[in-house]
Amino acid sequence: MKLAFFQLEDWEEKMIREKFPANDLYIDRNAINLEKLPDVNDAEVLAIFVNSRITKEVLERFPKLKLVTTRSTGFDHIDLEACKARGLTVCYVPGYGDNTVAEFTFGLILNLTRKMYWAIDHVKREKSLAFSVDALRGVDLKGKTLGIVGTGRIGKEVIKIAKGFGMNVVAHDMFPDAKFAEAVGYPYVTLEELLRQADVLTFHCPYTKDTHHIVNMENIKLVKRGAYLVNTARGGIVETAAMLLGLKEGILSGVGLDVFEEEIATRSDLALQGLSASAAEVVRENKELIEMPNVLMTPHNAFNSKEALERILETTLANIHAFQEGTPQNLVP
Ligand code: NAI
């Protein structure tokens, strides 16, 4: 069975080469790019990461394809309808790094609320510690309210950390977990109530048609004045224009983003070609966010710990083996 792995690092390649015959493997350092597809149209398995967008057009270039397996928890980069129409199996990696993403989320929260990034950056740039800390005054987390949308695997880890900081928690979820909420001690509220109450907003739901722009130009006005907003889930959950409005009007004190709308285009100037006018506008808005002093952006890096990557690769290889055995596992929901 011909397996094509994209966006692999050296250590991953080494592990994969130990598991499969050389003739069965195609290994690429880059993500799949429709403009520059490699000559592997005999691939039966595509093992990809979030920067490989699997569209109908990409699928047409792999006529023998049977399995798409993504080395990620999110799968919104894959056109599931197109895969279904082709009768393909699509697997993912649920729950490889719940604590990994939760820890990173708190990294962003602390950098915003305690201005840690600005302090460190100033010291590095000036090569001196001799400056006033007046501009670096932050706010405590203890006693503040964390508003969390999505209380699944990652969300639950975020809640546990928040409780450790002495924060109050309010949550919103399509499928509330009443048992966990009672054990840990937090209420489920409507989205509107959450926006009104939270001092720190954080998102841990998948990106679906239901979660598209759940924070938007309308409801950004409900957000508690001075709140911080952090998104480590998927860019499309929060409307970019609404964050800009919130920042400009002082509704939001700061924003921390690991994910963005039009993420692939924003991160690669090449991909700007052929963008729709609305997508190009989002890329422009992202660039405006990068320039804003109270916005911290990281390049989709929350998953990126040594332990998480090892778990991702192990699960992906298990996904491929299970498929080969005729007992596919970790099918996308
Ligand atoms: P999960 O499936 O365990 O939890 C998701 C939660 O969101 C569930 O409780 C679900 O009921 C809830 N939900 C679904 N639709 C909703 C809606 N319309 N409104 C409110 N809640 C809704 O997923 P997990 O593992 O916690 O991951 C969450 C997301 O985090 C992933 O879908 C992925 O997009 C993102 N992620 C980001 C990473 C990064 O590197 N930045 C790494 C890993 C995941």
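**A tour from helix 12 to the ligand**

Select helix 12 and colour its buried residues (under 20% relative accessible area, with a 1.4 Å probe and protein chains only): Ala308, Leu309, Ile312, Leu313, Thr316, Leu317, Asn319, Ile320, Ala322 and Phe323. The model is predicted: local features need pLDDT of at least 70, side-chain atom pairs count only at pLDDT 80 or more, and totals for chains, interfaces and linings use all residues. Residues are numbered from 1 along each chain as its sequence is written, and side-chain values use heavy atoms, with hydrogens and water left out.

Now show the whole of helix 12, residues 306–324. Helices (H or I, at least four residues) and strands (E, at least two) are DSSP runs, numbered from the N terminus. Helix 12 has 19 residues and spans 27 Å from first to last C-alpha, close to the 27 Å expected; the expected span is 1.5 Å times one less than the number of residues. An α-helix has 3.6 residues a turn, so residues three or four places apart point the same way. After helix 12 comes Gly326, with a positive phi near 85°.

What covers the buried residues of helix 12? Select strand 1 (3–5), helix 1 (10–19), strand 3 (45–48), strand 4 (67–70), strand 5 (89–91) and helix 4 (98–113), which are among the elements that do so.

Stay with strand 4. Leu67 and Thr69 point one way, Val68 and Thr70 the other, and all are buried. In a regular strand the side chains alternate between the two faces of the sheet. Two strands pair if DSSP finds at least two bridges between them. Strand 3 runs parallel to strand 4 and is joined to it by 4 bridges, with Ile48 partnered by Thr70. Strand 5 pairs with strand 4, also in the parallel sense, over 3 bridges; here Val68 stands opposite Val90.

Next, select strand 8, residues 200–203. Val200 and Thr202 lie on one side, Leu201 and Phe203 on the other, and all are buried. Strand 6 (residues 145–149) runs parallel to strand 8, with 4 bridges between them; the partner of Ile148 is Thr202. Another 4 bridges join strand 8 to strand 9 (residues 227–231), again parallel, and Phe203 stands opposite Asn231.

Finish at the ligand. Which residues are closest? Among the 24 that surround the ligand (a heavy atom within 4 Å), these are Arg153, Ile154, Asp173, Thr232 and Asp258. A backbone N or O atom of Ile154 lies 2.8 Å from a ligand oxygen atom, and one of Thr232 lies 2.9 Å from a ligand nitrogen atom. Taken alone the ligand exposes 870 Å² (Shrake-Rupley method, 1.4 Å probe), and the protein buries 88% of that.

Definitions and conventions: Buried means under 20% relative accessible area, exposed over 50%, partly exposed in between (1.4 Å probe, protein chains only). Contact means heavy atoms within 4.5 Å. A polar contact is a pair of N or O atoms within 3.5 Å; within protein, one must be able to donate a hydrogen and the other to accept it, and residues adjacent in sequence count only if both atoms are side-chain atoms.
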